[in-house]
Amino acid sequence: MSSDPEKLDKLRSRFIKHEDHYDISRWHLLLHPSVAKECARNALPHSIGQFFHPTQAVITGRDGRRRKWDSRAHRKHLYGRPTIRHLYDVWLGVWNMIRDLEYYNVSWWVALAFTIGSIIWVVNGFAAFLPFCNPHFEKAPDSQGWTAFLGATVFEIGSIFGILEAWNRDDAIYFGSALKHAVRRGSGDTNEPMNTSHEKSQDYPTEPSPDSADGAPSDGTQRQKRWKWFSTNPDYFREFGFLAAFFQLLGASVFWISGFTAIPPIQTKLQNNQGLNDGIFWTPQVIGGPGFVISGLFMMLEEQDVWWKPKILSLGWNVGFWNCIGGVGFTMSGAFGFGGMTHWTEYQSALSTFWGGWAFLIGSLVQWYECVNRESDEWDAMASFSTFPSSKVSPRMMLFSTRHFTPNFCARSLRPTTMQTPGSSTTDPESLQKPPPRLVKHDSEDHFDNTRWHLDNHPCIDRRCARTSLPTWCGQFFHPTHVMLERSDGVVKWWGSRAHRKHRYKAVSPMTAKSRRKEWFVGKLASMTRLEWWNISWWVAQSFTWGSVIWCINGFAAFLPFCNSHVKASIDVTGWSAFIGATVFEVGSVLGVLEALNRHDAVAFSDEATEETVNHNHEHEPPKSLEEKKGRAADVHIEAVSSVPKPDQEPRRKRWIWLPNKAKYWHEVGFLAAFFQLIGATIFWISGFTALPSILTAISKHQGVLDGVFWTPQVVGGAGFIISSIFIMLEEQSIWWLPRPFSLGWQVGVWNFIGAIGFTLCGALGYSTNSGAEYQSSLATFWGSWAFLIASVLQWYECVNAV
């Protein structure tokens, strides 16, 4: 960092423009002398954001590294934990939830309290809503009353823990590598003295914290930070995290009144006085619920970069989002309660409690997962500490003050670095402007080059650039879908991930040794008559084609009675065709996942004229003219092979993969499309099973059961098909917002998308018993099936024609 007085004055200014956002110089934590705050911000507009403490900051070390600091992660003691880098590691994170009993961590107690309380509220909602779904179940006021009281009490305890967490957040920050440095010097290694007070004030200015008296004593001794049970410091009301905890406690306290009056003896007395019941039972729910909503909004704002832009990939943002939904549900439960004892208002009130309890449970589980794991980002080398000493301190006291963090962690997880001595060169300006390591600007194109690559190249092939259609902020996490490959003789070809997965780069059939490349459309159409039983992509297309034919029959049988009154609806035809169609779709989805798992692992070039597959002859002379080069390129094709053998090794046969055993698959857009298609088909199969005539006849007598196990799986499963279709289209597109209508793969995705919309609408309209809704539900099945059939035929045509 520069010691330029003008720059320091600018950093100390109340509110300055920094790059594309406003920098908030307000700062509430102590900074170690080895780091400096470069900029700080929050999500609010600059007109009101200046009155709050920053929620995000960029901290710069003496070695030139920039690290991102986050207030929620700081409060939740997440800095210093092992990071979750891949989706494959998510299971390890779930295991950490079960294994780690962090009784010393107040954040863990917050998550545990709200998780247990949410489970109790789910039980309460189930007991309240079940009698409306099945008339054989009677209302259980005792169960509802006691679960409401227990749930409200546990929520109150969790809210108290939450505000204690905000009061007792750590008071200082510095890089994790500084911990090892300080411990080494504290052990007696005094070759490099600690920074003097002159250095601290000149090169690394810090602003005092509200709790700096507990953080850095003036006499240079280390003091154990005192636990705060209550604080009147007004600066806490400038912190988003504290405001979220405060409104959560306020809402839970008011809501607890409703839980207390729900105790059966008290509720029985209140039933005789409607006004009193509205005042002390329903009103606290209406007032307490918005407290949860406001708390959830502050949680989301704390995580967002801009107040209007969601941050859906953040765990903390999802906690706030689901808490908002739960708060809305509990508020609506109380609001419907004012409507009297009518059947409709009681139904809606119980339903709101039911889904509100589930929303709180999801938010609590995410919060539990969050507090025992750390999300990975490009700023992994940050550590957060309760206090730091102003002079030498013993290693024992330093490690005690850091709670979760040890020198072993710093040495293991931080990037290699060397702490510079005082007086040495400081931040390198060029290092502050480096782009993210996995996303660099390509020289000759207007897109970002994705340096991820998951396939092996033949020695004669060089990868010039790779890209996905996704925006740069998320495209770096996925393997490329479009790659430019260049051979040693200058021939350039474009490679596509979908064509690779669909064996479209397989020039010759392994069974007949005949070419799979046809020039004319008639020949390509005739290729659909080939039985490519060795090609799993062919089996995927066959399954979905015949499954779509069955669904067309189902839609025709369901829709025809509405068009011709002489034709009666046949539950046998619609039921059995739905079951068979859903089963065939499930088989096709399983094959689709296997196709993605067992795609070829290497890429080579082949000359069609010489039927060369893998071993390209390096004795080919490069073309001497542009016309000759273009002619050579026309004869060269990309070839997908199982592996590229080394010179001293023979080719090995690839083993068949049945399960995704590597994290790399979760970075492939094609695998994600197949995965969500399998999830959607599996859930949708429940609807196909319950459509069997004998089962459907039995559950039709109970509207709630019918909605739950017949219509709901269609809505949820259809949503899975929609997500899968979007991934298919994104895999083929060059830019995420630009359609590619002349691509076969894109057409498969768009027609699958239309079919998924139809199947989802069929389930959504089925909740209503209105004749118009029944008409539209049957019609949606009809045209949705035809859309799936078009997509499946295109996929069949695609998989048997090589490119």
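Which residues are linked in a network of salt bridges? In this predicted model, the network consists of Arg75, Lys76, Glu165 and Glu302. It makes a good entry point to the charged contacts of the structure, which holds 16 salt bridges.

One of these joins Arg72 to Glu370, with 2.8 Å between the closest N and O atoms. The two partners come from distant parts of the chain, 298 residues apart: Arg72 belongs to helix α3 (residues 71–75), and Glu370 to helix α14 (residues 343–372). Both ends of the pair are out of the way of solvent in the accessibility calculation, since Arg72 is buried and Glu370 is buried as well.

A further salt bridge brings together Glu595 and Lys502, at 3.2 Å from N to O. Glu595 sits in helix α21, whereas Lys502 sits in the loop between α18 and α19, so this contact ties together parts that are 93 residues apart in sequence. Which side of the burial cut-off does Glu595 fall on, buried or exposed? Its relative accessibility is 4%, so Glu595 counts as buried. Lys502 is buried too, because its relative accessible area is 2%, and buried means under 20%.

The loop between α18 and α19 also supplies Arg516, whose side chain meets that of Glu532 in a salt bridge of 3.1 Å, N to O. Glu532 lies in the loop between α19 and α20 (536–563), so the pair ties together two loops at positions 16 residues apart in sequence. Arg516 has a relative accessibility of 0% and therefore counts as buried. For Glu532 the relative accessible area is 2%, so this residue is buried as well.

The backbone of the same stretch deserves a look of its own. Most residues other than glycine have a negative phi. Against that background, His503 has a positive phi, near 60 degrees. His503 is placed in the loop between α18 (497–501) and α19 (521–526). Ala513, found in the loop between α18 and α19, also has a positive phi near 60 degrees, and is likewise a residue other than glycine. How do the two fare in accessibility? His503 counts as buried because its relative accessibility is 10%. Ala513, in contrast, counts as exposed because its relative accessibility is 60%.

Helix packing comes next. Two packed helices are described by the angle between their axes and the distance between the axes. Helix α21 (residues 571–597), the helix that carries Glu595, packs with helix α23 (residues 669–690) at an angle of about 160 degrees, and their axes are 8 Å apart. Angles over 145 degrees count as roughly antiparallel, and α21 and α23 are therefore roughly antiparallel to each other. Their crossing is left-handed.

What is the packing angle of α20 and helix α27 (residues 771–799)? The angle is about 155 degrees, and the axes of α20 and α27 lie 7 Å apart. By the reasoning used above, α20 and α27 are therefore roughly antiparallel to each other. Here too the crossing is left-handed, as α20 passes α27.

Turning to the surface, Trp91, Leu92, Val94, Trp95 and Ile98 make a nonpolar patch of about 570 Å². Trp91 is found in helix α4 (residues 90–99), and Leu92 is found in helix α4 as well. Trp91 is exposed because its relative accessible area is 64%, and exposed means over 50%. Leu92 has 46% relative accessibility and so counts as partly exposed. Leu92 also takes part in a long-range approach of the chain: Leu92 and Asn373 are 281 residues apart in sequence, yet their C-alpha atoms are 9.2 Å apart in space.

A second approach of this kind involves Tyr236, in the loop between α9 (212–215) and α10 (240–261). How many residues apart in sequence are Tyr236 and His53? They are 183 residues apart in sequence, while 8.9 Å separates them in space, C-alpha to C-alpha. Tyr236 is buried, because its relative accessible area is 1%.

Terms used:
Residues numbered from 1 in each chain as written. Predicted model: local features only at pLDDT ≥ 70, side-chain atom pairs only at ≥ 80, totals over all residues. Heavy atoms only, no water. Patch = residues over 30% accessible without salt bridge, like charges linked within 9 Å, V, L, I, M, F, W, Y side chains within 5 Å. Areas by Shrake-Rupley, 256 points an atom, 1.4 Å probe, with all protein chains shown as cover. Salt bridge = Lys/Arg side-chain N within 4 Å of Asp/Glu carboxyl O. Helix = DSSP H or I, 4+ residues; strand = E, 2+ residues; numbered from the N terminus. Buried < 20%, exposed > 50% of the residue type's maximum accessible area, 1.4 Å probe, protein only. Axes fitted to C-alpha atoms, helices over the stretch in contact; angles between N-to-C directions. Parallel < 35°, antiparallel > 145°, perpendicular 65-115°, else oblique. Left-handed = near helix turned anticlockwise from the far one by under 90°.
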